[in-house]
Amino acid sequence: NRPLYGQERGILMVWYLIRTWAGREEEMAEEIRRIVPDSMYEECFVIGQERIWRRQQQSVVHVESMFPGCVFLVCKKTIPFLHQKKVASVMGRGVVWGDLTFLPLMREDVDFLLKISGRDHVARLSYVGKDDQGQICQMAGPLVSCREQVERYQFKKRYALVRHRFLGEVRGIVFGIMLNEDLNKKLLYDNREEKDLIWGKGPIL
């Protein structure tokens, strides 16, 4: 098995997943960006997802970690395993994180992450529409690429649970969804800005 060597601006790249404690993903990513020299990596980020929460009779969209305990690091292909040793060494001098585990991502894993979260690394809300019989007849957004893998929908809590092979095993991954009643409404975002939802009501893609 080989990690993915993608290409950015003509430079071959490799992706790694770094394990940390759930809830401290952004803290670790920020620490890496703060103390690790830029020459050691191209990008360090947490993949987020939009979710709708009901708060004081309002629908509030916020972003949370889609993969709890996971930080993603993109490095140049050149001696990639040397990069992780250097990063771990620098991290060790900055803050106590315990033993860092670097997992190289395979091509299918990176393709999946890019498909659902794009270049800004945030999985947007997916629209799920039902017909008069309660059957799902419409879908748009990141969930479309995993529609055959949906295990169940929690419409009241606005999410779908997908079973997808990631890092060599089938895992449960949650996708935030919105329904007909959310369309054409202004949702309150965590930054308190109101935004219009503009998903079209197309058929399942």
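Biologist: Which residues in the largest nonpolar core touch the most other members?
Modeller: This is a predicted model. In its largest nonpolar core, of 29 residues, they are Met66, Phe67, Phe72, Phe112, Leu113, Leu143 and Phe175.

Biologist: Which elements give two or more residues to this core?
Modeller: Strand 2 (11-19), strand 6 (70-76), helix 3 (107-117), strand 12 (159-166) and strand 13 (169-178). Helix 3 gives the largest share, four residues.

Biologist: Is there another core? Which residues are in it?
Modeller: Another core, of 15 residues, lies apart from the largest one. Among its members are Met28, Ile32, Val46 and Leu73.

Biologist: Back to Phe72. What is it in contact with, leaving aside neighbours within four places in sequence?
Modeller: Its contacts include Tyr16 and Leu17. Glu43, Cys44, Phe45 and Ile47 also touch Phe72. So do Phe67, Leu105, Leu113 and Phe166.

Biologist: New topic, helix 1. Which of its residues are buried?
Modeller: Helix 1 covers residues 25-35, and its buried residues are Glu25, Met28, Ala29, Glu31 and Ile32.

Biologist: Where do those buried residues fall, seen down the axis of helix 1?
Modeller: Within an arc of 160 degrees, so they line one face of the helix.

Biologist: What about Ser65? Where is it found?
Modeller: In strand 5, residues 58-65. A polar atom of the Ser65 side chain lies 3.3 Å from the backbone oxygen of Phe67. Beyond its neighbours within four places in sequence, Ser65 is in contact with Glu25, Val46, Ile47, Gly48 and Gln49.

Biologist: Now the open sheet. What order do its strands have?
Modeller: The five strands go 10-9-13-12-11, with mixed pairing. Strand 10 (136-140) and strand 11 (150-154) are the edge strands, each pairing on one side only. From one strand to the next, the twist averages 35 degrees.

Biologist: Do strand 12 and strand 13 run parallel or antiparallel?
Modeller: Antiparallel, joined by eight bridges. One pairs Tyr159 with Gly176 in strand 13.

Biologist: And strand 9 with strand 13, parallel or antiparallel?
Modeller: Parallel, with two bridges joining strand 9 (residues 126-130) to strand 13. Tyr127 has Met178 of strand 13 as its bridge partner.

Biologist: How many residues sit between the strands in the hairpin of strand 12 and strand 13?
Modeller: Two. In that hairpin, Leu167 takes a positive phi near 60 degrees.

Biologist: Last one. Which strands does helix 3 lie across?
Modeller: Strand 12 and strand 13. Helix 3 runs at about 155 degrees to strand 12.

Notes
Residues numbered from 1 in each chain as written. Predicted model: local features only at pLDDT ≥ 70, side-chain atom pairs only at ≥ 80, totals over all residues. Heavy atoms only, no water. Core = buried A, V, L, I, M, F, W, Y, C linked by side-chain atoms within 4.5 Å. Buried < 20%, exposed > 50% of the residue type's maximum accessible area, 1.4 Å probe, protein only. Contact = heavy atoms within 4.5 Å. Arc of directions from axis to C-beta. Pairing = 2+ DSSP bridges. Polar contact = N/O pair within 3.5 Å; in protein donor to acceptor, adjacent residues only side chain to side chain. Axes fitted to C-alpha atoms, helices over the stretch in contact; angles between N-to-C directions.
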